[in-house]
Amino acid sequence: PSSAVGNSLASRVKNIQAQIIGVYKNILWNSGTLSSGTIGDGSGNPEKSDDFALLEQFIRTSDKGPGLYISGDNVAEEWVTLSGAAAILLRSDWIPFNLLDGDHTNFGEAVSPLLTGSPDGHFYDGYSGYGERLIAYGSCALVNNFDVLQPTGVSIEEFPYPNAGPGNGAAVISTQTTNAQAAWATVILSGFSYHHIREAAVQYPPARVEHLRTILVYMGNIVPDASGVPGDGPRFANALFNAYPNPFNPETTIKYTIKERAHVSLKIYNVAGQLIRTLVDEVQDPDQIEPVRWDGANNAAQGVSSGVYFYKLVTKNFSRTKKVVHLK
């Protein structure tokens, strides 16, 4: 975006199916330090181009497992003021959030906060095997004001602000749901611009390279090692994603990924800890995993009652459990 001067993506795309949806798997949108015109909503206040309509249609209708990464110091702060229909729809259906503050320093955070991936988020279990750490560089000559986000609905917290603590103010949130084409759609919203990422410690590749790799892997891409870094091919992540739909009836889909070839167990348990259904129990390769559907039946092919159930993924050096609700 170029600060409301008619140079946005929607103003240049004449056929979204031919130029975007039918061609690209991911869109990475970075508005930097812009305070206005970050993503156009078609209202003319301030941007006439309806970029939100393009992004929402891309996420909703692509059959390629679409991914959308939005970053910028003031995207969320402007977003909550916009009246365009697609701006409202993208926020309500694909990345629901509340804005707690448009300036992280007013929220009691350091100018350049050190961010660590949340154990409940998907970035935490990346190929590196630990919570990703980075600094959102607020500078000193001119302090940048980063957005403070509160995930709602299907959104989850990826990076909490350190002073706020988990659940009380996030720098990055994300969602994964199925779209109109039954494809997994991933949306990530960052309250700070991608180009403000700095290293928390001396490292190579730089933190912004590692962060981008994490984002692309989360979006379902196979990503090679960074140039100049020795490696043994594509890297994958251990992750268990939110079941969708949830609550569900008659069936829900569970998506997961693994870091390396290993035995994988995916099982359903009731609130008493009793095994209800074994969905996966075999050795798998990371590049051959497909989403798994649970039809609400137990191992005897009998439908289970309404209530809360837990699905647990266990593989090499990784175990994660999440909740799903069955309704009749």
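Visitor: Is Ser 118 buried or exposed?
Guide: In this predicted model, Ser 118 has a relative accessible area of 5%. Buried means under 20% relative accessible area. Ser 118 therefore counts as buried.

Visitor: Where along the chain does Ser 118 lie?
Guide: Two strands frame the position of Ser 118, β4 at 114-116 and β5 at 133-136. Ser 118 belongs to neither strand but to the loop between β4 and β5.

Visitor: What separation do the C-alpha atoms of Ser 118 and Ala 170 have?
Guide: Along the chain, Ser 118 and Ala 170 are 52 residues apart. In space, their C-alpha atoms are separated by 9.6 Å.

Visitor: Which element gives the most residues to the lining of the largest pocket?
Guide: The largest pocket has a volume of about 480 Å³. Of the 23 residues that line the largest pocket, the closest to its centre are Gly 220, Lys 255, Thr 257, Pro 286 and Ile 289. The elements that supply two or more of the lining residues are α6 (207-218) and β13 (256-257). With 3 residues, the element that gives the most is α6.

Visitor: How many residues in the lining of the largest pocket are charged?
Guide: The lining of the largest pocket includes 13 nonpolar residues and 7 polar ones. The charged residues in this lining number 3.

Visitor: Which element supplies the largest share of the lining of the second largest pocket?
Guide: The second largest pocket has a volume of about 310 Å³. Its lining has 18 residues, and the closest to the centre are Ile 156, Asn 242, Asn 246, Lys 322 and Lys 323. At least two lining residues come from β8 (170-178), and at least two from β18 (318-326). The largest share, 4 residues, is that of β18.

Visitor: How many charged residues are in the lining of the second largest pocket?
Guide: By class, this lining has 7 nonpolar residues and 7 polar residues. Its charged residues number 4.

Visitor: Which residue of β15 is the bridge partner of His 263?
Guide: Strands β14 (residues 262-270) and β15 (residues 275-284) run antiparallel and are joined by 8 bridges. In β15, the bridge partner of His 263 is Val 283.

Visitor: Which residue in the turn between β14 and β15 has a positive phi?
Guide: β14 and β15 form a hairpin, with 4 residues between the two strands. In that turn, a positive phi of about 85 degrees belongs to Gly 273.

Notes. Residues numbered from 1 in each chain as written. Predicted model: local features only at pLDDT ≥ 70, side-chain atom pairs only at ≥ 80, totals over all residues. Heavy atoms only, no water. 1 Å grid on protein atoms, 1.4 Å probe; cavity = no way out; pocket = protein on both sides within 12 Å on 5 of 7 lines; lining within 4 Å. Points joined across faces, edges and corners; volume = space filled by probe spheres on them. Nonpolar A, V, L, I, M, F, W, Y, C, P; charged D, E, K, R; others polar. Pairing = 2+ DSSP bridges. Buried < 20%, exposed > 50% of the residue type's maximum accessible area, 1.4 Å probe, protein only.
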